[in-house]
Each structure stands twice: as C-alpha cells, then as structure tokens.
Amino acid sequence: MMAAATTTKLLRSITRRHLIAHASPSISSSRYLGTLVIAEHEGGSLTATSLSSGEAASKFLNKDNSLSLLLAGTGPSLQEAAANAASCHPSISQVLVADSDKFKHPLAEPWARLVHLMQQKGEYSHIVVASGSFGKNVLPRAAALLDVSPVTDVIEISEARTFVRPIYAGNALCTVRYTGSDPCMLTIRTTSFPVASASPDSKTSAAPIHQVDLSTLVEDGNTRFVKQITQESERPDLGSARVVITGGRALKSAENFKLIEKLAEKLGAAVGATRAAVDAGYVTNELQVGQTGKIVAPDLYMAFGVSGAIQHIAGMRDSKVIVAVNKDADAPIFQVADYGLVGDLFEVIPELLEKLPEKK
C-alpha cells in the first residue's frame with residue numbers, strides 16, 4: 001500500500017511539472033508582442049536599408065504584434081527623420097526617438113546600450129537591423145548584453161522563428177530555426193526585402209512619435225569618437241544604385257581605374273571594386289563589393305577585369321542583368337553572367353566611352 005501511495009504521489013508530481021513546462025512558453029510569448037527595427041537616418045530621412053529592414057520586420061506582424069522603429073542622434077535632422085519615418089510605412093506602430101549627444105556619432109557601444117535599454121522597457125520578440133557595416137557593428141554587442149545569439153544575413157523569413165540565410169559564400173542556403181530566448185535578433189540582407197513603391201493615391205497615417213527616456217542609460221567610457229572620413233561624390237550610392245560598374249585587379253593601377261569612373265559617369269552608375277582592387281590600393285574599401293564588402297542587387301551590373309572569386313559573386317549574384325568583360329574565357333564570372341565578352345578591357349571601355357552619349 002505504501003509503495004502504491006508513493007507511486008501515485010510521484011506520478012502527480014511528474015504530471016504537475018509536465019504541465020508547468022508546457023505552460024511556460026505560452027506565458028513567455030504573451031509577454032513579447034513587439035518587433036523593434038534599429039534604423040539609420042541621413043539628411044532628415046531614413047536610409048534605403050532601414051526601409052528594407054522595416055519591410056522585413058513587417059513579416060512578423062499579426063493582430064497581437066506591433067512594429068516600433070528606433071532612431072537615435074541629435075539635432076533637427078533627427079526630428080525631421082522621425083517625422084519622415086512616422087509615415088513611411090503603414091505597418092509602423094510608433095517611432096521611438098533617442099535624442100542625445102551620445103548618439104551624435106554612430107559608435108557601436110552606446111547604440112548597444114540603447115538597444116539593451118529598449119529591450120528592458122519594451123520586451124520585444126524580434127529586433128531587426130540591416131546587414132550593413134552599422135548593423136554588423138551594433139547587433140553582436142547588443143546581443144552579448146542581452147545574452148542571446150543573433151541570426152545574421154537573413155534573406156527569407158519563413159516563420160516567426162525560422163529563417164533562410166546563405167552559407168558557403170552564397171553557394172548554398174541554410175534554413176535556421178531559432179530556439180533561444182527572446183529577443184530573436186536578426187540582421188537582414190536588404191536586397192532580399194525590396195520596398196514596394198507606394199501608389200500616388202495611397203495615404204499612410206502618421207504613427208505616433210515618442211521620446212525615449214535615457215535617464216537610466218548606462219554610460220560607456222571605453223570608446224571615443226576620433227574622426228570620420230567620407231568622400232563626397234555625385235554618383236549614386238553603391239548599395240542602392242540601379243546600375244553598378246565594377247573594376248577588378250586587371251585594371252593594374254589607380255590611374256587606370258579612372259576608366260571605370262568615367263564609364264560610371266556616362267551611365268549615371270555607382271562604382272564598385274573587387275577586394276583585390278581594394279587591397280591593391282586602386283580605390284577605398286567603401287567601394288568593395290562581395291561577401292566582406294557591400295551586397296548589391298542592381299538592375300544592371302557590369303564587371304570589367306573581374307575574375308569572379310566566390311566571395312565577390314556572393315555580393316552581386318542577385319543582380320537582374322550581369323555583364324562581364326574579361327580576357328580569360330574560363331573566368332568564373334562568365335558562369336553567372338547574362339552577357340559575356342572575352343576581350344581586353346583597355347580596348348572595350350574606351351570604345352564604350354566613345355559610343356555612349358553624354359549624360360544629360
């Protein structure tokens with residue numbers, strides 16, 4: 001009898017623990033009902049990559065979920081960007097503005113502390129940022145503070161916790177299921193989430209704008225801003241240009257690389273470069289296209305003297321039309337090119353420059 005009573009008590013204990021274990025996820029998920037987009041702004045407007053981040057984040061929306069967009073900085077341009085963001089996407093529920101001199105420069109450490117603070121205040125289920133230099137810099141630090149593992153370079157959102165991302169330099173796609181605790185933190189490849197053009201008749205009501213209380217923000221005195229060097233150019237931004245002209249190591253020198261720049265000027269295109277060309281000092285690294293550079297997906301991508309290393313192809317293979325010019329008929333770039341020309345770029349580019357009309 002005592003053995004039977006002990007067995008019954010044990011079964012009740014196991015059943016009770018089993019029910020608690022199954023109840024916990026629903027309790028936890030009910031607390032996390034928002035998605036936070038970490039956004040960048042420039043000249044009083046959201047960047048194109050941040051708009052794509054918002055488009056990706058809208059995939060998580062349902063009747064119980066909301067989408068918040070976080071902006072930080074200082075001065076009138078921040079407030080102008082907030083007003084612009086409030087009406088840029090119908091899915092945005094609110095715009096959160098962190099106005100402080102701490103965010104005057106895009107340092108990762110204060111931004112990571114800010115994201116940590118926002119999670120403590122809002123308890124978001126997802127935190128999303130573009131997979132650019134800014135996002136790759138901030139998100140790992142914020143994830144470390146929150147003790148979670150981020151999912152990087154997402155190109156498809158299958159479910160709330162299931163994503164597709166490239167591996168092996170884009171030669172294979174991997175389906176990843178996130179099983180960690182909230183928040184689920186993502187960097188997204190913006191070329192995979194294009195923003196649909198709004199129709200002229202469509203009207204989006206402005207979302208409310210709220211100032212973030214920064215009184216409890218933890219100071220980080222380990223970093224300081226020294227200076228920022230940028231090159232002014234009238235050419236389109238490489239990450240969002242419709243046409244990209246890229247040069248490789250075969251151009252042989254920085255002086256010869258000006259041929260690429262002249263062709264880009266005639267076509268109203270952005271200039272790109274391979275890692276080999278950047279390492280050789282032909283151009284600055286902000287023009288690098290590839291796995292360790294910028295990911296582009298223009299309507300037209302023209303590659304001159306680009307052999308087609310796997311790391312470079314990973315950064316441009318989603319282009320709508322790819323044109324390659326190379327002396328080597330066996331160059332790997334021809335395997336992904338829609339149009340290929342086996343020829344000397346020092347003969348092809350001058351001929352193009354001669355026959356193309358001047359840009360108006």
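This passage looks at a helix, a cavity, a small sheet and one loop residue in a predicted model.

A good place to begin is helix α2, which spans residues 48-57 and is mostly covered, with seven of its 10 residues buried. The buried positions are S50, S52, S53, G54, E55, A56 and A57. A glutamate, E55, is thus listed together with serines, alanines and a glycine. As for what surrounds the helix, the buried residues of α2 pack against five strands: β1 (34-38), β4 (66-73), β6 (126-130), β8 (156-159) and β11 (184-188).

Helix α2 also takes part in the lining of a cavity. When the whole structure is searched, one cavity of 30 Å³ or more is found. The volume of this largest cavity is about 50 Å³. Around the cavity lie L46, S50, L51, G54, L69, C88, H89, I92 and V195. The biggest contribution to this lining comes from α2, which supplies three residues. Two of the lining residues, S50 and G54, are also among the buried residues of α2. In terms of residue class, six nonpolar and three polar residues make up the lining, and no charged residue is present.

Strand β8, one of the strands packed against the buried residues of α2, leads on to the sheet. Here three strands form an open sheet in the order β8-β9-β10, and their pairing is antiparallel. Strands β8 and β10 (172-177) are the edge strands; each has a single partner, so one side of each has no neighbour in the sheet. From one strand to the next, the twist averages 30 degrees.

The two pairings within this sheet can be followed in turn. Strand β9 covers residues 162-167 and is joined to β8 by three bridges, the two strands running antiparallel. A hairpin makes the connection from β8 to β9, passing through two residues. In this pair, E159 sits opposite T162 of β9. On the other side, β9 and β10 are also antiparallel and are held together by six bridges. In that pairing P166 faces L173 of β10.

Finally, there is T274, a loop residue placed between β14 (270-273) and α7 (275-279). Is this threonine buried or exposed? With a relative accessible area of 9%, T274 counts as buried, because the cut-off for that class is under 20%. Beyond its neighbours within four places in sequence, T274 makes contact with T246, G247, G248 and R249, as well as with Q288, V306 and H312.

Definitions and conventions
Residues are numbered from 1 along each chain as its sequence is written. This is a predicted model: local features need pLDDT of at least 70, side-chain atom pairs count only at pLDDT 80 or more; totals for chains, interfaces and linings use all residues. Side-chain values use heavy atoms; hydrogens and water are left out. Helices (H or I, at least four residues) and strands (E, at least two) are DSSP runs, numbered from the N terminus. Buried means under 20% relative accessible area, exposed over 50%, partly exposed in between (1.4 Å probe, protein chains only). Contact means heavy atoms within 4.5 Å. Two strands pair if DSSP finds at least two bridges between them. Axes are lines fitted to C-alpha atoms, for helices over the stretch in contact, and angles run from 0 to 180 degrees between N-to-C directions. On a 1 Å grid over the protein atoms alone, a cavity is a set of points where a 1.4 Å probe fits but cannot get out, and a pocket is an open set with protein on both sides within 12 Å along at least five of seven lines; lining residues have an atom within 4 Å of a point. Grid points are joined across faces, edges and corners, and a volume is the space filled by probe spheres set on the points. Ala, Val, Leu, Ile, Met, Phe, Trp, Tyr, Cys and Pro count as nonpolar, Asp, Glu, Lys and Arg as charged, and the others, Gly among them, as polar.
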